[in-house]
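Student: I'd like to learn how to read a few features off a model. Can we go through them one at a time?

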Amino acid sequence: MDFASSKKTMRISLAVADAASCYCAMILLGLILLGSIRESSMTEEPVKGSHFFDRPCDEIYVVGEGETLNTISEKCDDPFIVEQNPHIHDPDDVYPGLVIKITSSKSRKMMKR
């Protein structure tokens with residue numbers, strides 16, 4: 001290859017690299033804008049504890065604001081919450097967002113059969 005064709009190949013390579021870089025930058029900018037639009041359209045109002053009291057007791061339960069182990073135990077008919085959740089070291093240290101395992105008395109009766 002002579003010097004002229006080598007220089008031409010180099011220019012073409014640089015043009016392709018610049019175009020690819022430009023397209024990647026535009027795609028990245030589009031994704032950032034899309035993410036910011038989606039984030040701003042989400043509701044800013046936090047979910048309060050009263051919304052949690054109406055939900056059913058599933059096997060995996062997330063503690064809501066204002067709930068205690070006693071209220072959850074009564075609601076879900078599970079007197080053995082502390083025994084089934086070894087990550088709860090202090091029954092008084094329950095906070096919103098804590099994930100606990102629930103086994104209602106109805107489920108225990110069905111397991112024994």
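Student: Is Glu-67 buried or exposed?

Tutor: First the yardstick: buried means under 20% relative accessible area, exposed over 50%, and partly exposed in between, with a 1.4 Å probe and protein chains only as cover. Glu-67 has a relative accessible area of 5%, so it is buried. Keep in mind that this is a predicted model, where local features need pLDDT of at least 70, side-chain atom pairs count only at pLDDT 80 or more, and totals for chains, interfaces and linings use all residues. Residues are numbered from 1 along each chain as its sequence is written, and side-chain values use heavy atoms, with hydrogens and water left out.

Student: Which side chain does Glu-67 meet in a salt bridge?

Tutor: The general idea is a side-chain nitrogen of Lys or Arg within 4 Å of a carboxyl oxygen of Asp or Glu. Here the partner of Glu-67 is Lys-75, at 3.9 Å from N to O. Lys-75 is partly exposed, because its relative accessibility is 29%. A search of the whole structure turns up one salt bridge.

Student: How many helices and strands are there?

Tutor: Helices (H or I, at least four residues) and strands (E, at least two) are DSSP runs, numbered from the N terminus. The protein has four helices and two strands, in the order α-β-α-α-β-α along the sequence.

Student: Take α2, then. Which of its residues are buried?

Tutor: Helix α2 covers residues 69-76, and its buried residues are Leu-69, Ile-72, Ser-73 and Cys-76. To see whether such residues share a side, look at the arc of the directions from the helix axis to the C-beta atoms. In α2 the buried residues fall within an arc of 100° seen down the axis, so they line one face of the helix. The face turned away from that buried side carries the exposed residues Asn-70 and Glu-74.

Student: What covers the buried residues of α2?

Tutor: Think in contacts, meaning heavy atoms within 4.5 Å. The cover includes β1 (60-62), α3 (81-84) and β2 (99-101).

Student: What is the phi of Asp-77, just after α2?

Tutor: As background, most residues other than glycine have a negative phi. Asp-77 has a positive phi of about 55° although it is not a glycine. You'll find Asp-77 in the loop between α2 and α3, and it counts as partly exposed because its relative accessibility is 37%.

Student: Back to the strands. How far apart in space are Tyr-61 and Lys-101?

Tutor: For pairs like this, set the separation in sequence beside the distance in space. Tyr-61 and Lys-101 are 40 residues apart in sequence and 6.1 Å apart in space, C-alpha to C-alpha. Tyr-61 belongs to strand β1 and, at 1% relative accessibility, counts as buried.

Student: And which residues does Val-99 touch?

Tutor: Leaving out residues up to four places away in sequence, Val-99 touches Ile-60, Tyr-61, Val-62 and His-87. Val-99 sits in strand β2 and is partly exposed at 41% relative accessibility. The C-alpha atoms of Val-99 and Val-62 are separated by 4.5 Å, with their positions 37 residues apart along the chain.

Student: How many disulfides does the structure hold?

Tutor: A disulfide is a pair of cysteine sulfur atoms within 2.5 Å. The structure holds zero of them. Cys-22 is in no disulfide, with the nearest cysteine sulfur, in Cys-24, 9.4 Å away. For Cys-24, the closest cysteine sulfur is that of Cys-22, too far for a bond. Cys-22 is partly exposed at 42% relative accessible area, while Cys-24 is exposed at 53%.

Student: Last one: which residues form the nonpolar patch on the surface?

Tutor: Patches are made of residues with over 30% relative accessible area and no salt bridge; like charges are joined within 9 Å, nonpolar side chains (Val, Leu, Ile, Met, Phe, Trp, Tyr) within 5 Å. Areas come from the Shrake-Rupley method with a 1.4 Å probe, and for residues only the protein chains shown count as cover. The patch here is Ile-27, Leu-31 and Leu-34, with about 330 Å² of accessible area together. Leu-31 lies in helix α1 (residues 3-41) and is exposed, with a relative accessible area of 54%.
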